Amino acid sequence: MTPEEIFRLRQDLPRAEPFNYYTDRESAWLLQALLPEDTPVRALRQGRLARLLDRPLVKPLTAAGDGIIRRADLQVLAHADGSFLYDSLSPATLTALERAFDLPWLDFELSFTVWGNNNWHWAQTSRPGVNVVLQLNFPGDHAALLERTVGLQDRGKFECSRHPVRRTGRPTLAWARLDIDHGAGVALIEEVQSDWLRFVRWELDDLRRLRPRSRALRDTQAYEAALTARYGKVWPRAMLLAALMLLRDRLGIAEIYYHQPGPGAVLKHCKPPVSLYSSLPKAFCFEPTRDVPPFLRPKRRKHLSRLPKDGPLFWKMAF
């Protein structure tokens with residue numbers, strides 16, 4: 001993206017906004033976003049969305065007696081923190097909604113920044129230009145956990161000043177870098193990443209080696225255990241869901257691409273964790289494709305020609 005495109009996009013985005021995540025929220029959101037209309041459950045079980053039907057949040061709907069899954073019911077589950085009329089909900093939807101309310105809710109905060117410079121190889125962008133960054137910031141109760149374990153003053157140990165993290169307010173748990181052609185309705189998810197949990201583990205390794213009997217080690221172990229239990233499996237799903245909701249629901253993007261591990265490493269000059277570019281998009285029902293984001297073709301024609309001649313080049317989701 002050009003700086004001018006980023007400026008226009010940032011004008012339409014808030015400085016920060018709340019984002020609630022509860023288990024399986026992505027399953028309900030994906031189904032309501034990808035289903036064109038009310039659909040028989042039997043038909044869905046033959047396609048790529050079948051993996052979502054037996055998720056605990058959605059299962060009360062798929063188990064309903066008439067065998068039809070309705071977009072309106074899914075929208076209630078996908079936006080359980082919104083407003084809806086209880087009197088209009090079916091018994092199955094009420095059951096599923098009560099299940100959602102019984103789950104742990106994480107009150108994340110979203111914020112935005114910009115990433116990139118003239119050295120786009122260093123910035124790991126797929127084309128020259130800059131990305132908009134969606135930051136997933138810790139829930140409100142994280143500060144109390146941090147203070148009673150390692151201490152609020154140690155926040156800087158778990159952040160990298162060269163990465164697109166928030167400097168004030170709630171610290172950034174994870175972020176997604178996005179390259180967007182708003183006019184064409186196409187976006188590329190360049191990166192999904194978290195430093196914080198990884199840096200806490202590195203701090204633990206240093207303390208075990210250098211101060212094996214210290215209180216700092218015990219406190220950091222307690223902090224790391226609490227972080228892993230609460231966010232270890234959650235943060236990639238919450239981050240990707242927040243990115244998809246931003247792109248589709250707020251910006252009206254109709255085609256979203258996501259890097260495959262091998263081709264993405266070539267285009268971005270980096271080797272990120274494979275799972276974030278394989279199992280994560282697969283769990284979100286992205287489809288493997290040899291299609292390429294149109295805005296990359298004129299900029300990276302030579303590099304694209306060097307990618308494998310068979311097999312997928314990207315993941316793709318079309319709404």
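**Pockets, cores and a few individual residues**

Sorted by class, the second largest pocket is lined by seven nonpolar, five polar and four charged residues (Ala, Val, Leu, Ile, Met, Phe, Trp, Tyr, Cys and Pro count as nonpolar, Asp, Glu, Lys and Arg as charged, and the others, Gly included, as polar). The model is a predicted one, with pLDDT of at least 70 required for local features and 80 or more for side-chain atom pairs, while totals for chains, interfaces and linings take in all residues. Numbering starts from 1 along each chain as its sequence is written, and side-chain values rest on heavy atoms, with hydrogens and water left out.

That second largest pocket comes out at about 280 Å³. Of its 16 lining residues, Arg-15, Ser-111, Phe-112, Gln-135 and Arg-166 sit closest to the centre. Strand β4 (residues 106–115) chips in four residues, the largest share of this lining (helices, H or I of at least four residues, and strands, E of at least two, are DSSP runs numbered from the N terminus). A pocket here is an open set of 1 Å grid points where a 1.4 Å probe fits, with protein on both sides within 12 Å along at least five of seven lines, and lining residues have an atom within 4 Å of a point. Volume is the space filled by probe spheres set on the points, joined across faces, edges and corners.

The largest pocket holds about 490 Å³ of space. It is lined by 24 residues, and His-163, Glu-191, Gln-193, Arg-198 and Pro-273 are the ones closest to its centre. Two or more lining residues come from each of α8 (120–123), β6 (172–181), β7 (186–193) and α10 (196–210). The class split for this lining is 13 nonpolar, five polar and six charged residues.

As for packing, the largest nonpolar core counts 87 residues, and the members touching the most others are Phe-19, Ile-69, Phe-108, Ile-180, Ile-189, Leu-244 and Phe-286 (a core joins buried Ala, Val, Leu, Ile, Met, Phe, Trp, Tyr and Cys through side-chain atoms within 4.5 Å; buried means under 20% relative accessible area, exposed over 50%, with a 1.4 Å probe and protein chains only). Helix α12 (residues 235–250) supplies eleven of these residues, the largest share. Leu-244 is in contact (heavy atoms within 4.5 Å) with Trp-29, Leu-30, Ile-189, Asp-249, Ile-256, Phe-284, Phe-286 and Met-317, leaving aside neighbours within four places in sequence. A second, separate core has eleven residues, among them Leu-188, Tyr-257, Leu-296 and Leu-304.

Helix α6 (residues 71–78) has six of its eight residues buried, so the rest of the structure largely encloses it. Those six are Arg-71, Asp-73, Leu-74, Val-76, Leu-77 and Ala-78, and the elements covering them include α2 (25–34), α5 (59–62), β3 (68–69), α7 (91–102) and α12.

Among single residues, Gln-260 sits in the loop between β8 (255–259) and α13 (261–268), and its relative accessibility of 10% makes it buried. Not counting neighbours within four places in sequence, Gln-260 contacts Ala-265, Tyr-277, Pro-288, Pro-312, Leu-313, Phe-314 and Trp-315. Thr-289, in strand β9 (residues 287–289), counts as buried too, at 12%. Setting aside residues up to four places away in sequence, Thr-289 touches Tyr-257, Pro-312, Leu-313, Phe-314, Trp-315 and Lys-316. Gln-153 is another story: it lies in the loop between α9 (142–148) and β6 and, at 64% relative accessibility, is exposed. Its C-alpha atom is 46 Å from that of Arg-297, 144 residues apart along the chain.
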